[in-house]
Amino acid sequence: MSFPSPDITPISAPYWDALKAGRLLFQRCRQCNHCWLPAREACPQCLSADPVWDEASGRGVVVSWVVYHVAYNEAFKSRIPYDVTLVRLEEGPQLLTNVVDSEAGRRLEIGAPVRLKIEREGELALARFSLDAAHADSNNRNNNSRIAGATSV
Ligand SMILES: [Zn+2]
């Protein structure tokens, strides 16, 4: 079974086209500067219908995730268990994605830094992420020292 296709509309087409070219875009409101994904006609904060496209740095953090052990779509049967993760880009927008090297959620942590990793699925290019190992190591050290400080009080 083939990979399910997103519903690409004139509003979301720039997002999908940019991914094929290796760039992750998000929308920003010209009136209030709010940034968001997925693409929509109007700003979800002030309802101004005057957004522009900005390019994401590709850096973000894990907000939350689930691990699927059942394939509700035949196309994903060979991938289980796999994660569906909510990532917040450093520019603010959040997107549902996969963390490709997360070992199905075992190494994911809230706040774990991730990096954009655009992957092809047939004709599609998808914004997935990988754990930012170097940054994660220094974060763990900081977390450990905070925890040690808290328990000694
Ligand atoms: Zn706005």
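**Exercise 1. State how much of the chain is buried, and list its elements in order.**

Buried residues make up 20% of the 153 residues in the chain, where a residue is called buried if 20 or more other C-beta atoms lie within 10 Å of its own, exposed if 12 or fewer, and partly exposed in between, with C-beta atoms placed from the backbone. The model is a predicted one, in which local features need pLDDT of at least 70 and side-chain atom pairs count only at pLDDT 80 or more, while totals for chains, interfaces and linings use all residues. Residue numbers start from 1 along each chain as its sequence is written.

Next, turn to the elements: the chain has 2 helices and 8 strands, and from the N terminus on they follow the order α-β-β-β-β-β-β-β-β-α. Helices (H or I, at least four residues) and strands (E, at least two) are DSSP runs, numbered from the N terminus.

**Exercise 2. Work out the strand order of the open sheet and name the strands at its edges.**

Step one is the order, which for the 5 strands of this open sheet reads β6-β5-β4-β7-β8, with antiparallel pairing; two strands pair if DSSP finds at least two bridges between them. Step two is the edges: β6 (94-97) and β8 each have a single partner strand, so one side of each is left without a neighbour in the sheet. From one strand to the next, the twist averages 35 degrees, an angle taken between N-to-C directions on a scale from 0 to 180 degrees, with axes that are lines fitted to C-alpha atoms.

**Exercise 3. Follow the bridges from β4 through β7 to β8.**

Begin with β4 and β7, which pair in the antiparallel sense over 3 bridges, and note that G60 has V114 in β7 as its bridge partner. Moving on, V114 has L131 as its bridge partner in β8, and R120 is bridged to A125 in that strand. Altogether β7 and β8 are joined by 8 antiparallel bridges, and in their hairpin, which has 2 residues between the strands, G122 takes a positive phi near 60 degrees.

**Exercise 4. Describe the largest nonpolar core and the strands that supply it.**

The largest nonpolar core, meaning a set of buried Ala, Val, Leu, Ile, Met, Phe, Trp, Tyr and Cys residues joined through C-beta atoms within 7 Å, has 19 residues, and those with the most contacts inside it are A56, V62, V87 and V114. At least two of the core residues come from each of β1 (25-29), β4 (59-68), β5 (82-89), β7 (113-121) and β8 (124-131). For a closer view, take V87: leaving aside residues up to four places away in sequence, V87 touches G60, V61, V62, V63, Q94, L95, T97, V114 and F129, where contact requires that the C-beta atoms of two residues, placed from the backbone, lie within 7 Å.

**Exercise 5. Decide whether A75 and E119 count as exposed or partly exposed.**

First locate A75, which lies in the loop between β4 and β5. Because A75 has 12 C-beta neighbours inside 10 Å, A75 counts as exposed. The C-alpha atoms of A75 and F3 are separated by 5.6 Å, although these residues are 72 residues apart along the chain.

Then consider E119, which is found in strand β7. Since 14 other C-beta atoms lie within 10 Å, E119 is partly exposed. Not counting residues up to four places away in sequence, E119 touches V100, L126 and R128; of these, V100 is 19 residues from E119 in sequence and 9.6 Å away in space, C-alpha to C-alpha.
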